Amino acid sequence: MQIHVVSPGQTLTGIAAAYSTTVEAVVRANRIPDPSRLVPGQALVIPIQGRYYWVRRGDTLTTIARRFGIPVLRIAEANRIPLNALLTPGMRLFIPSAPRRTAEINAYVEPLGREVPERLVADAREAAPSLTYLAPFSYRARRDGTLQAPPLDDFPNIARQNRASLMMVVTNLEGDRFSDELGHILVTDENVQTRLLNEIVSTARQIGFRDVHFDFEFLPPEDREAYNRFLRRARDRLHAEGLLISTALAPKTSRTQRGQWYEAHDYRAHGQIVDFVVLMTYEWGYSGGPPLPVSPINEVRRVLDYAVTEIPRNKIMMGQNLYGYDWTLPFRPGNPPARAVSPQEAIRIAAREGAAIQYDTRAQAPHFRYTDDRGRSHQVWFEDARSIQAKFDLVKRMGLRGISYWKLGLSFPQNWLLIGENFQVVKRG
């Protein structure tokens, strides 16, 4: 699989010819709505086996092999050149595909309201072959320990047909926000806990959930140990039923990090108690804040560097967004929130507005600016094949369990193609 960044004036015909493939294959892989309107800076996935590399000044077969994680002999044999061949700048080399490592992949799907939009069902069907877990969001725990179920539509069948396990997400959401009062009750009242765990087990049996995932957020800081005790109790009950247990954790960079989103999340204890964790490594750029990349890799890496000191690497799933935001400028606190956009929509906006896409190499994130028909300036940060590949490379280098996506519903076909290129997805269904 090749990632190609479009240069000004390039056409699909020329790009396809450079990689010995067809225009139709490139259009299909990237779902390009108008093949005649490529955007400078747009990242395309080229659906070929292996990739091509154009030699740069100072390259040797050894340095190229190290860069791609391929034995030098394989590259020499694939290109029918000797190991000591003199490489010249601009020379095209074929780089065979690297061996894929196993990884677990999760995706949350959040149906809002009483009905599940067909778009969400279709996205779940598209993603499910690439998933270990499909996680409908969410079962809301009530103050008496009962559960309010989300609409599930065809999600259980989609998971079953694709050998993906259903993840039962349990939250302390009340209304449109996480409730500290509700969270306190759930982690301190043993009678409420007994009813909650009974309901969870009964629901898991009835629906076919394989993992129970606690996403308790905004807990009072003083409830840190109470949450740990609750998780130990839940683990013992769920393991006795043959169920996995996992948790979602706020993105911390130290054990002493302050703030109500962070203090009750004890990385070390969760690493000891539960089967795996999802780190919510996204929303640095968020709808109510200033324009920023949603999951800048430098910030993600800071969280992961701390996490691996507290949690076994094979229990860590890195969180990843499947969306970006379109902010109206200038940003001022209290402005209307930024609009969520899919990577596909971001490309359409750039094409429509004649905006070239830039790439922030520190954050490993694409972005662009444009002016709308009312004269207002906008800034868009989003995800593309380059930014996702950078995260996949990080997961592999750090030896993590896998990746968890928030959330299905915004189209990003390149992501699923690159999962197949990089990972052998674990199936538990």
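E263 is buried, at a relative accessible area of 18%, in this predicted model. Its side chain meets that of R258 in a salt bridge, with 3.3 Å from N to O. R258 itself counts as exposed, at 64% relative accessibility. The pair therefore joins a buried acidic residue to an exposed arginine. The total is 27 salt bridges.

**Other salt bridges**

- R301 and D305 form a salt bridge whose closest N and O atoms are 2.7 Å apart.
- Both R301 and D305 belong to helix α11 (residues 297-310), where a spacing of four residues puts them about one turn of the helix apart.
- R301 is partly exposed at 32% relative accessibility, and D305 is partly exposed as well, with a relative accessible area of 36%.
- The side chains of R339 and D326 also meet in a salt bridge, at 3.9 Å from N to O.
- This pair links distant parts of the chain, 13 residues apart: R339 lies in strand β17 (residues 339-341) and D326 in strand β16 (residues 324-328).
- D326 is buried, with a relative accessible area of 4%, whereas R339 is partly exposed at 40%.
- One network, built from salt bridges that share partners, takes in R224, R255, D266, R268 and E310.

**Strand β12 and its neighbours**

- Strand β12 covers residues 209-215, and six of its seven residues are buried.
- Strand β9 (residues 165-171) runs parallel to β12 and is joined to it by six bridges.
- Within that pairing, T171 has D215 of β12 as its bridge partner.
- β12 also pairs in the parallel sense with strand β13 (residues 244-249), here over four bridges.
- In the pairing with β13, V212 stands opposite I245.
- Helix α9 (residues 224-240) completes a right-handed β-α-β unit with β12 and β13.

**Helices α7 and α8**

- Two packed helices are described by the angle between their axes and the distance between the axes.
- For helix α7 (residues 180-188) and helix α8 (residues 190-207), the axes come within 6 Å and cross at roughly 85°.
- α7 and α8 are therefore roughly perpendicular to each other, since angles of 65 to 115 degrees count as such.
- The contact involves I185, L186, V187 and T188 on the α7 side, and E190, V192, Q193 and L196 on the α8 side.

**The five-stranded sheet and helix α12**

- Five strands make an open sheet with antiparallel pairing, in the order β17-β16-β20-β19-β18.
- β17 and β18 (358-360) are the edge strands, each pairing on one side only.
- On average, neighbouring strands of this sheet are turned by 30° against each other, direction ignored.
- β16 pairs with strand β20 (residues 377-381) in the antiparallel sense over four bridges.
- Across this pairing, T328 stands opposite H378 of β20.
- Helix α12 (residues 343-353) packs on the sheet and touches β16, β17, β19 (365-371) and β20.
- The direction of α12 makes about 100° with that of β17.
- β16 and β17 also carry the salt-bridged residues D326 and R339, respectively.

Definitions and conventions: Residues are numbered from 1 along each chain as its sequence is written. This is a predicted model: local features need pLDDT of at least 70, side-chain atom pairs count only at pLDDT 80 or more; totals for chains, interfaces and linings use all residues. Side-chain values use heavy atoms; hydrogens and water are left out. Buried means under 20% relative accessible area, exposed over 50%, partly exposed in between (1.4 Å probe, protein chains only). Helices (H or I, at least four residues) and strands (E, at least two) are DSSP runs, numbered from the N terminus. Two strands pair if DSSP finds at least two bridges between them. A crossover is right-handed if, with the strands pointing away from the viewer, the path from the first strand over the helix to the second runs clockwise. A salt bridge is a side-chain nitrogen of Lys or Arg within 4 Å of a carboxyl oxygen of Asp or Glu. Axes are lines fitted to C-alpha atoms, for helices over the stretch in contact, and angles run from 0 to 180 degrees between N-to-C directions. Angles under 35 degrees count as roughly parallel, over 145 as roughly antiparallel, 65 to 115 as roughly perpendicular and the rest as oblique. Contact means heavy atoms within 4.5 Å.
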